[in-house]
Structure formats: structure tokens, C-alpha cells
Amino acid sequence: LCPSRSEGWGHNLVEGMSCGALVITTDALPMSEHVRADYGMLVSAVHTKPRHLGTCHFVDVGALETTIAAAIAMPVSRKAEMGRLAREGFLEIDSAFRERVGRLLAR
């Protein structure tokens, strides 16, 4: 559960995905770049405000509570499937990162 106002990259989200967790986070960049609706649960931001070079995204507490309740009520089999897809999403992110770093270091 990470109703984050802002993230530099989203390490904690990706760590959750790496172990097959069902991640709940804010439906805003960069959080929604990592967590997709097919393997996570996104809570819409109700308003934003500037923060340094980025933006803070604020979720509605009621919407967050509703999303958490939906996750709790979700059948275990569906949570397991979303966790499996989250793990696959992590592996894609990890593989792409390693490839890019390898290309940079090879220069």
C-alpha cells in the first residue's frame, strides 16, 4: 500500500511487485508507470500541487478506503493472479534496466 504523493522512481512499488504483492498506489506518474491496472490497484488523485521540479498527487481518503476494501474482498485466486502478473511486470522492468545499464557500461 503506497498512496504516494510523489516518487522519484518507485523502488518500493517495484519491490512489492518483485515478490508478487498486490500493490495499491496513486494513479499518477511515476507510480502508474510501474503499476498497471491488470496487476495492481490504482487510486485516482483528486488534486495536485507543485513540488520542487515535480508534482504532488493527493488521493481521496474515501477512494483509498474503498480500494483497500475491494482488495480485501477480492477472491484469493484473483489476488494470486494479479501477484503473478506483478512479478512478471517486475521481471520486465528489471530486464530492461539491466540491458540499458549494460549498454551504457559497454561504452
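## Strand pairing in the sheet

Asp27 stands opposite Ser44, a residue of β2. In this predicted model, another pair between the two strands is formed by Thr26, whose bridge partner in β2 is Val43. Strand β1 and strand β2, the latter spanning residues 40-51, run parallel and are joined by 5 bridges. On the other flank, β2 and β3 are paired in the antiparallel sense over 6 bridges. Within that pairing, Lys49 has Cys56 of β3 as its bridge partner.

Taken together, the strands form an open sheet of 3 members in the order β1-β2-β3, and the pairing is mixed. The edge positions belong to β1 (23-27) and β3 (54-59); each has a single partner strand, so one side of each is left without a neighbour in the sheet. From one strand to the next, the twist averages 45 degrees. In general, strands of a sheet pair through backbone hydrogen bonds, in either the parallel or the antiparallel sense.

## Backbone geometry in the loops

Which residue of the hairpin of β2 and β3 takes a positive phi? The residue is His52, with phi near 50 degrees, in a hairpin that has 2 residues between the strands. His52 is thus a residue other than glycine with a positive value, and its place is the loop between β2 and β3. The relative accessibility of His52 is 76%, so this residue counts as exposed, the cut-off being over 50%.

A second backbone feature concerns the peptide bond between Leu29 and Pro30, which is cis, with omega at about 0 degrees. Pro30 is located in the loop between β1 and α2. As a general background to both features, most residues other than glycine have a negative phi, and most peptide bonds are trans.

## Packing of α1 against α4

Helix α1 (residues 11-18) and helix α4 (residues 76-106) have axes that come within 7 Å and cross at roughly 120 degrees. This crossing makes α1 oblique to α4. On the side of α1, the contact is made by Val14, Met17 and Ser18, while α4 contributes Ala86, Arg87, Gly89, Phe90 and Ile93. By character, the residues of this contact divide into 5 nonpolar, 2 polar and 1 charged.

## The surroundings of His34

Is His34 buried or exposed? This residue of helix α2 has a relative accessible area of 8% and is therefore buried, the limit being under 20%. Leaving aside residues up to four places away in sequence, His34 touches Trp9, Gly10, Val14, Met17, Tyr39 and Ile93. Among these, Val14 and Met17 of α1 and Ile93 of α4 also take part in the contact of the two helices.

## Confidence of the prediction

The protein chain has a mean pLDDT of 92, and 100% of its residues reach 70 or more. Confidence is highest in helix α3 (residues 61-73), at a mean of 97, and lowest in helix α2 (residues 31-34), at 89. The buried His34 belongs to this latter helix.

Technical notes: Residues are numbered from 1 along each chain as its sequence is written. This is a predicted model: local features need pLDDT of at least 70, side-chain atom pairs count only at pLDDT 80 or more; totals for chains, interfaces and linings use all residues. Side-chain values use heavy atoms; hydrogens and water are left out. Two strands pair if DSSP finds at least two bridges between them. Helices (H or I, at least four residues) and strands (E, at least two) are DSSP runs, numbered from the N terminus. Axes are lines fitted to C-alpha atoms, for helices over the stretch in contact, and angles run from 0 to 180 degrees between N-to-C directions. pLDDT is the predictor's confidence in each residue, from 0 to 100. Buried means under 20% relative accessible area, exposed over 50%, partly exposed in between (1.4 Å probe, protein chains only). Angles under 35 degrees count as roughly parallel, over 145 as roughly antiparallel, 65 to 115 as roughly perpendicular and the rest as oblique. Contact means heavy atoms within 4.5 Å. Ala, Val, Leu, Ile, Met, Phe, Trp, Tyr, Cys and Pro count as nonpolar, Asp, Glu, Lys and Arg as charged, and the others, Gly among them, as polar.
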